[in-house]
Amino acid sequence: MAMAKGEKRLGRYRLLDLIRQDGDLRLHRALDAKGQAVALWTVPLARLCADAAGLERFRRMAGAAARLFHPAIPAILASGELAGTAFVATAPADGPTLATRLADGPLEWEDTVATLDRVLDALAAAHRAGVIHGALGVDTVLHAGPASVVAGFGRAALTAAAADRSGDLAAAVGLTERLLAAHDQRPGVSALLATLRSDGAGAFPDAGALLRAVTALTGASVSSAGAAPARARRWPRLLGGVAVLGGLAAAAVLNRPAPSVPPPMAMAGDAAPEPASRPPAPHSAPPSALPPSLPPAPPLAAPRQPPVAAVAEALRSIPCVLVGVETTGGRLLVSGTVAGERAETAVRETVERLAAGWDHGFDLATADAQFCAPLGSVATALDTNRALAEPLTVSLLEGSALNADDPLMLEIRAPARPVRLQVDYFTIDGVVVHLLPNPSDSAIALAAGASRRLGERGKDGKPANGRSWTIGPPYGTELLLTIATAEPLFAAPRPEQEPAADYLAALADALAALPEDAPAALADARFIATGP
C-alpha cells in the first residue's frame with residue numbers, strides 16, 4: 001500500500017479507516033477513483049500463494065461472487081491483486097448487526113420470519129451461483145426484518161479455502177434455531193426446532209429447503225429464490241448534455257463518444273398464481289376409523305398488504321434509486337428512476353418479496369449506472385433531508401422532461417435554517433456543470449425558508465440574472481444534485497465545467513472535512529430526461 005501525503009492507498013482506492021481485522025485479513029472503508037464509498041477486504045498476496053491453487057481459487061471465487069446479485073447481498077464491485085495485496089471491493093453495508101439487535105431481546109414474529117426469508121433466500125441464490133459465504137452468523141447480518149442485508153460475501157475468496165456449502169448450511173440452521181427459539185409456542189415451530197436440534201443441517205439438502213420449512217410456518221408461499229423478476233419494457237438508453245449561456249456568450253458542453261446501447265431485454269410476463277388445490281374427498285369409513293382428536297385444518301390466512309411506508313423504507317436502502325411508492329385502487333405502484341440495471345433489479349425483487357400476493361406494478365426509467373456515484377456520495381445527506389419536516393426542496397419549473405433548446409430553470413427552497421448551496425448538473429457524457437456558484441453568480445447563501453430561482457430569462461431570451469442554461473446534445477437521462485451545508489463546501493469555486501470523476505473525489509473530501517458539530521449536510525437529487 002503506497003503512502004501519499006499521509007494517506008493510505010491501494011491502487012485507485014483511498015483507505016479511510018480500518019473497520020475490522022482478523023489476523024492478516026482487514027476490512028477498510030475506502031473511496032474509489034470516482035469518490036464512491038466501498039468496503040475493501042484485503043489480505044497479503046503471499047497468504048494466497050501459500051499453496052499452488054490458492055491464487056487461482058481466489059480469482060475463481062471472487063469472479064463468481066462478482067456475478068452474484070441479490071437485493072440482500074451488497075454488490076461485489078471489483079477484485080484483484082495490487083502491490084502484493086489481494087482485495088475484494090464491495091458496496092458498503094452499514095447498520096446495526098443482528099447480534100446488536102438480539103442483545104435487546106428476541107425479534108417479533110413478523111421480523112423473525114422476514115429476516116430468515118431474506119437471509120436464506122440470499123444464501124440459496126449464492127449457492128446456486130457457486131458462491132460460499134464462510135462466516136454466516138448474527139455478526140454478518142445487518143438490520144432485521146424485510147430490510148436485512150447479508151454482508152461478507154466475497155470475504156471467503158480471500159480466507160476460506162475449506163469453506164463449503166455444508167458449512168454455510170450448518171450456520172444457517174444455527175441462525176434459524178436461534179431466531180425461532182423465542183417463538184416455540186407457535187404452531188409448527190416446536191416441531192421444526194426439534195428437527196433442527198436433532199438432525200441439524202442433515203435434515204435439509206440446501207438453503208432453499210430450509211427456507212421453505214420456515215415459510216411454511218406462516219402458511220404463505222415461498223418466493224422463488226433467484227427467479228427473474230417481471231420486467232416492463234425498458235426505456236432506450238440515450239445521451240444528454242446541457243449548454244451554458246452567460247449573457248450573450250454560450251459555452252457548449254463537451255461531447256464524448258456515446259456508450260454502446262445494449263440490446264433490449266425480452267419482456268417477461270407475470271406468472272398467474274396457481275389455484276389452491278382441493279383436498280381429495282375422503283373414502284367412506286366407519287366413525288371409529290377416523291382419528292377423533294384431529295382438529296379441522298385452519299383456513300389459510302389472507303396475505304397482508306405491507307404498509308406503503310415499509311416498502312418505501314426498504315427501497316430507500318437500495319443505492320442509486322430515486323423512486324416513490326403509492327397505492328391507487330388497492331394497487332401498489334412504484335415509480336421513478338434508477339441508475340443502472342442492478343439497481344432496477346434490486347427494486348423489483350424487493351417489491352416482489354414485500355408485496356407478494358398483492359397487485360403491484362412498476363413505472364421505472366433506467367438511467368446510466370454512472371449516476372450511482374454522485375447519488376452514493378450524498379446518500380447520508382439525502383436521507384437526512386427526507387427526515388426533515390421542512391426539507392431542502394428543488395422544483396424544475398419546466399418539468400423533469402426537457403427537449404433541445406428548452407431552458408433549464410429551477411427554484412430552490414431552503415430548509416428551516418440558513419444554508420449555503422452547491423448546485424451541480426451531471427451530464428451523460430461524464431461532465432459536471434456547476435450551476436451555483438458560477439462565474440456570474442457567487443451568491444450561494446439562502447436564508448431559512450427562503451427560495452430563489454436559477455436560470456431565469458427575460459422576454460428577450462437573455463439571462464435575467466447571471467447564467468442561464470439550455471438543453472443540448474447529447475441527450476438522455478441526467479442528474480441535478482443540490483447540496484446544502486452550513487458553510488460553503490469549497491473555499492474557492494470549482495471550474496464551471498469539469499470531469500465528474502474529479503469533482504466527486506473533491507466532493508467526498510469536502511463532505512468528510514465538515515466539522516462534527518456542524519449541522520448535517522442536506523441534499524436533493526432529481527433526474528431529468530432530455531431529448532431532441
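Axes here are lines fitted to C-alpha atoms, for helices over the stretch in contact, and angles run from 0 to 180 degrees between N-to-C directions. Helices (H or I, at least four residues) and strands (E, at least two) are DSSP runs, numbered from the N terminus.

This is a predicted model: local features need pLDDT of at least 70, side-chain atom pairs count only at pLDDT 80 or more, and totals for chains, interfaces and linings use all residues. Residues are numbered from 1 along each chain as its sequence is written, and side-chain values use heavy atoms, with hydrogens and water left out.

**Stop 1: α4 and α6**

Select α4 (109-128) and α6 (residues 165-180). Their axes come within 10 Å and cross at roughly 175°. The two helices are therefore roughly antiparallel (the word for angles over 145 degrees). Now show side chains. On α4, the contact (heavy atoms within 4.5 Å) involves residues including Trp 109, Leu 116, Leu 120 and Arg 128. From α6, look for Arg 165, Asp 168, Ala 172 and Leu 179, among them. Sorted by class, this contact has nine nonpolar, four polar and three charged residues. Nonpolar covers Ala, Val, Leu, Ile, Met, Phe, Trp, Tyr, Cys and Pro; charged covers Asp, Glu, Lys and Arg; the others, Gly among them, are polar.

**Stop 2: α10**

Keep α4 on screen and add α10, residues 341-354. At 1.5 Å a residue (times one less than the number of residues), its 14 residues should span 20 Å, and the end C-alpha atoms are indeed 20 Å apart. Colour by burial: 11 of the 14 residues are buried, meaning under 20% relative accessible area with a 1.4 Å probe, protein chains only. Among them are Ala 343, Val 347, Arg 348, Val 351 and Leu 354. What lies over them? The cover includes α4, α9 (308-316), β12 (321-328), β13 (331-339) and β14 (360-367).

**Stop 3: the β3-β4 hairpin**

Jump to β3 (residues 13-22) and β4 (residues 25-31), which run antiparallel and are joined by seven bridges. Strands pair if DSSP finds at least two bridges between them. Click Leu 15, and you'll find its bridge partner, Ala 30, in β4. Two residues sit between the strands, and Gly 23 takes a positive phi near 65° in this hairpin.

**Stop 4: a three-stranded sheet**

Last, pick β15, β18 and β22, which form an open antiparallel sheet in the order β15-β18-β22. β15 (393-396) and β22 (451-454) are the edge strands, each pairing on one side only. From one strand to the next, the twist averages 20°. Zoom in on β15 and β18 (residues 410-413), paired over four bridges. Leu 396 has Leu 410 of β18 as its bridge partner.

Notes. Buried < 20%, exposed > 50% of the residue type's maximum accessible area, 1.4 Å probe, protein only. Parallel < 35°, antiparallel > 145°, perpendicular 65-115°, else oblique.
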